[in-house]
Amino acid sequence: MKLNSKEIIDYLNLTPHPEGGYFKETYRSKQSIINSELWEGAKGSRNYSTGIYFMLENQQFSAFHKIRQDEMWHFYMGASILIHMINKEGEYNLITIGNKINKGEFFQYVIPANTWFASELKDKKGFSLCGCTVSPGFDFNDFEMPSRKFLIKKFPKQKKIISRLTNN
């Protein structure tokens, strides 16, 4: 039986994500790392690791944002996902996660900590279900999703992609 995106959203109990798309936290380790063992300025402790389901459908995108941890994406099913990245030097990189490994797509890909990134479907008429694992674990205190104006000022050479994959 082939499921559509609405059925998967219902079955997995996904909810809207602030950056775009849908998600559900599936794992949060019970153990945690104390504040003094984290990066300078970290507020509070962090779980060792967290995991979520993440879905995009049709024209949805995950707006440019960054977190302070590495984030590993895992492809599960559906259309390939384009992940657009801008590092702190302003260099742009594009990778694709999907199941066409013979065409350079990745089943898994790690986005380095403090990298600005956004994602969108390669085929805008479908959906994609993937997972994201963050270590040390995700905390909204580590999440930044600035305005389009802020990012364009910081990375003027990337104005075109920033303008397309931000919400304001």
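Here are a few friendly notes on the sheet, one buried residue and the nonpolar cores of this predicted model.

1. Some ground rules come first. Local features here need pLDDT of at least 70, side-chain atom pairs count only at pLDDT 80 or more, and totals for chains, interfaces and linings use all residues. Residues are numbered from 1 along each chain as its sequence is written, and side-chain values use heavy atoms, leaving out hydrogens and water.

2. Look at the open sheet of 6 strands, ordered β1-β2-β5-β12-β7-β10 with antiparallel pairing. Strands are DSSP runs of E, at least two residues, numbered from the N terminus; two of them pair if DSSP finds at least two bridges between them. β1 (15–16) and β10 are at the edges with a single partner strand each, so one side of each has no neighbour in the sheet. Between β7 and β10 there are 4 bridges, and H74 stands opposite Q108 in β10.

3. Now find E71 in strand β7 (residues 70–78). E71 is buried (under 20% relative accessible area, 1.4 Å probe, protein chains only). Which side chain of opposite charge is nearest to E71? That is R28, 12 Å away. The side chains of E71 and W73 share a polar contact of 3.1 Å (N or O atoms within 3.5 Å, one able to donate a hydrogen and the other to accept it).

4. W73 also belongs to the largest nonpolar core, which has 17 residues. Such a core joins buried Ala, Val, Leu, Ile, Met, Phe, Trp, Tyr and Cys residues through side-chain atoms within 4.5 Å. Apart from it lies another core of 12 residues, including A63 and F155.

Terms used. Buried means under 20% relative accessible area, exposed over 50%, partly exposed in between (1.4 Å probe, protein chains only). Lys and Arg count as positive and Asp and Glu as negative; His and the chain ends are not counted. A salt bridge is a side-chain nitrogen of Lys or Arg within 4 Å of a carboxyl oxygen of Asp or Glu.
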